[in-house]
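Here's a quick tour of a protein model for you to explore. Keep the 3D view open as you read, and look up each residue when it's mentioned.

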Amino acid sequence: MLQLKDTGFSYGGRDILKDVNLDIAPGSFYFLTGPSGTGKTTLLRLCYQALMPTRGIVRILDRDVRGLEREDIAQIRRRIGVVHQDCKFVDHLTMADNIRMPLQVSGRSGELDDNSFDDLIAWVGLSAHMNAYPPELSSGERQRAALARAVVMSPDLILADEPTGNLDWIMAQKILTLLIELNKMGKTVILATHDLQLIRAAKSQITTRVLRIVDKNVQLAGADL
Amino acid sequence: MNKLRELMNSLINLLVGDIKADNVVPPSGYTAILTSFTAAAMAFLAVFAMALSLATGRLADRWSDELSRTTTVRISAPEGQMQAQLDAVRNVLDTTTGIASFRIMTDEEQRKLLEPWFGPDLPLENLPIPRLVEVVEDPNGPDMDGLRFRLSAEAPGAILDDHTRWRRPLVDAAQRLRLLGTISIILIAGSTAAMITLAALSALAANGQVISVLRLVGASDTYIARAFVRRFTLRALIGAAIGTAIAMVAIFLLPSAAAEGAFLTGLGFTGWHWLLPLLVPILAALVAFWATRTAAFRALDRIS
């Protein structure tokens, strides 16, 4: 699903990540943790080619990202669902249009009928907000909408970067529950967070592995979590 | 070949359109009005430049074609010798090869030539006006130096004027004007491209968040660029169509130039030339398409 081999990324002469080796199997659920500023977001951005590694290899969905054309990157991103902490939307479009956008840009609008779309919206609990515009929604509603948008194309891999960072515990649990459900459907999930309570809550429900960024490198965390 | 096919596909997609894709770019009333206004103003100027270019082209052609095959013999002689000089000139012209025909201008014709300067009641018979002989050359034309030499020998009062002296600067001027008209059209197209490029870059910069979201969900650069290109191309097309229509009406309503003076004769369009301004909106749309597409892809290259 996702392999990083001796991967490094530096910016302005400063190493952000160094010699990262990682092999993520399909259908697994990983947490990525570590203090703020240690490179969690950078690692996720490398995974969906918002950044290119300055050293080493990144293979995603069996494609080596080196030498990929922009068009290839766009194709790969259609198979990855990304959720950010500051979930970005196109503010002048309704939530329905925003959530359908991945289908629209890939020319697959007709592949999801209205009933399936309604089911998806009901799953994230936003049925009453489909004609609203992004600025009209609360943080929790926006996060759930971002999750719906991330999975509308039924991606193989879901990358969530601090999706619960701005949410209260109840809402954070809802988001976690949705991600766990997706994982149970066979989706690979990587969730970056520094919320240990969230990690423990997940561990009580499914088998997860925790990756920790230490000294610019990624390590598998032990039982201390 | 692949580039051409890609461009053709882009044009087809542009014409077919996709309302949902277009809506991704937020409406920008102020930029839209400015782009359309610029396109309209440039189209208006382009149509006038085209009219000037065509008119001066016609003028240059007419002076070149019609006047280059005519020559005038001017005879100045005292009252008693005029007829003898005329006979001598007639004899020389009769026996010169390269001359298709000639005729001595009547008093009435000469009066009409002088009328713009001296008025209609000119007493021609009381003035020492030279007699004029209009000579039409055949396609080979006469040996001008030989003819001039014979005339000076047999009719000393006769002077051969082949119009070269005054025709050449006029033809040169007309041709320069035609060239300037063409250069103006090229400059107008370039300015339009520059202004639309700036407007497109401004729109792209203002929509950084939209582009970032589109990239995140897997939109290709072609998809993103098309949303901007289609919008700017349509604005340029509509604006240029309005500007062209106004310019064509303005040219149609110009006073009849023939009645005012020979130099303005034909300023505007004649016959099928009226169809040429219709190309201006199409050209404006093509310029806008090219300028926005280039600007969009360059800008997208810079945005990670």
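Two salt bridges run between chain A and chain B. One of them is the meeting of the side chains of A:Arg70 and B:Asp301, at 3.4 Å from N to O. Keep in mind that this is a predicted model, and that chain A has a mean pLDDT of 89, with 98% of its residues at 70 or more.

**Where the chains meet**

- Besides the salt bridges, there are nine residue pairs in polar contact between chain A and chain B, with both residues at pLDDT 80 or more.
- On the chain A side, helix H2 (70–77) and helix H3 (95–105) each bring at least two residues to the surface that touches chain B.
- H3(A) gives the largest share of that side, with five residues.
- Sort the chain A residues that touch chain B by type and you get nine nonpolar, three polar and seven charged.
- Counting who takes part, chain A puts 19 residues into the contact and chain B puts in 25 residues.
- Just three residues, A:Arg70, A:Gln104 and A:Val105, supply 30% of the area that chain A buries against chain B, more than any other three residues.
- Together the two chains bury about 1900 Å², and 56% of that is on carbon and sulfur atoms.

**Salt bridges, across and within chains**

- Over all chains, a search of the whole structure turns up 16 salt bridges.
- The bridge between B:Asp301 and A:Arg70 crosses from helix H11 (residues 279–302) of chain B to helix H2 of chain A.
- How accessible are these two partners? B:Asp301 is exposed, because its relative accessible area is 52%, while A:Arg70 counts as partly exposed at 32%.
- This pair isn't on its own: A:Arg70, B:Arg215, B:Asp221 and B:Asp301 are linked in a network of salt bridges.
- Inside chain A, the side chains of A:Arg100 and A:Asp114 form a salt bridge with an N to O distance of 3.2 Å.
- A:Arg100 sits in helix H3 and A:Asp114 in helix H4 (residues 114–123) of chain A, so this bridge ties together parts that are 14 residues apart in sequence.
- A:Asp114 has 52% relative accessibility, so it counts as exposed.
- Chain B has a salt bridge between the side chains of B:Arg90 and B:Asp87, at 3.0 Å from N to O.
- What separates B:Arg90 from B:Asp87 along the chain? They're three residues apart, about one turn of the helix, and both lie in helix H4 (residues 82–94) of chain B.
- Both ends of that bridge are partly exposed: B:Arg90 has a relative accessible area of 32%, and B:Asp87 comes in at 36%.

**Two buried residues in chain A**

- Look for A:His84 in the loop between strand S6 (80–83) and H3 of chain A.
- Is A:His84 buried or exposed? With a relative accessible area of 11%, A:His84 is buried.
- The side chain of A:His84 makes a polar contact of 3.2 Å with the side chain of A:Tyr48.
- Leaving out residues up to four places away in sequence, A:His84 touches A:Tyr48, A:Gln143, A:Asp161 and, over in the other chain, B:Leu216.
- Now find A:Val189 in strand S8 of chain A, where its relative accessible area is 0%, so it counts as buried.
- Which residues does A:Val189 touch? Setting aside neighbours within four places in sequence, its contacts are A:Ser28, A:Phe29, A:Tyr30, A:Ile158, A:Leu179 and A:Asn183.
- One of those contacts, A:Ile158, is 31 residues away along the chain, yet the C-alpha atoms of A:Ile158 and A:Val189 are separated by 4.8 Å.
- Strand S8 (residues 188–192) also has the highest mean pLDDT among the elements of chain A, 94, while strand S10 (residues 217–220) has the lowest, 86.

**Chain B as a whole**

- Chain B contains eleven helices and four strands.
- Of the 304 residues in chain B, 41% are buried.
- Take the chain B contacts between residues at least 6 apart in sequence: 84% of them join residues at least 24 apart.

How values were computed: Residues numbered from 1 in each chain as written. Chains lettered and ligands numbered in written order. Heavy atoms only, no water. Contact = heavy atoms within 4.5 Å. Buried area = accessible area lost by both parts, 1.4 Å probe. Salt bridge = Lys/Arg side-chain N within 4 Å of Asp/Glu carboxyl O. Polar contact = N/O pair within 3.5 Å; in protein donor to acceptor, adjacent residues only side chain to side chain. Nonpolar A, V, L, I, M, F, W, Y, C, P; charged D, E, K, R; others polar. pLDDT = per-residue confidence, 0-100. Buried < 20%, exposed > 50% of the residue type's maximum accessible area, 1.4 Å probe, protein only.
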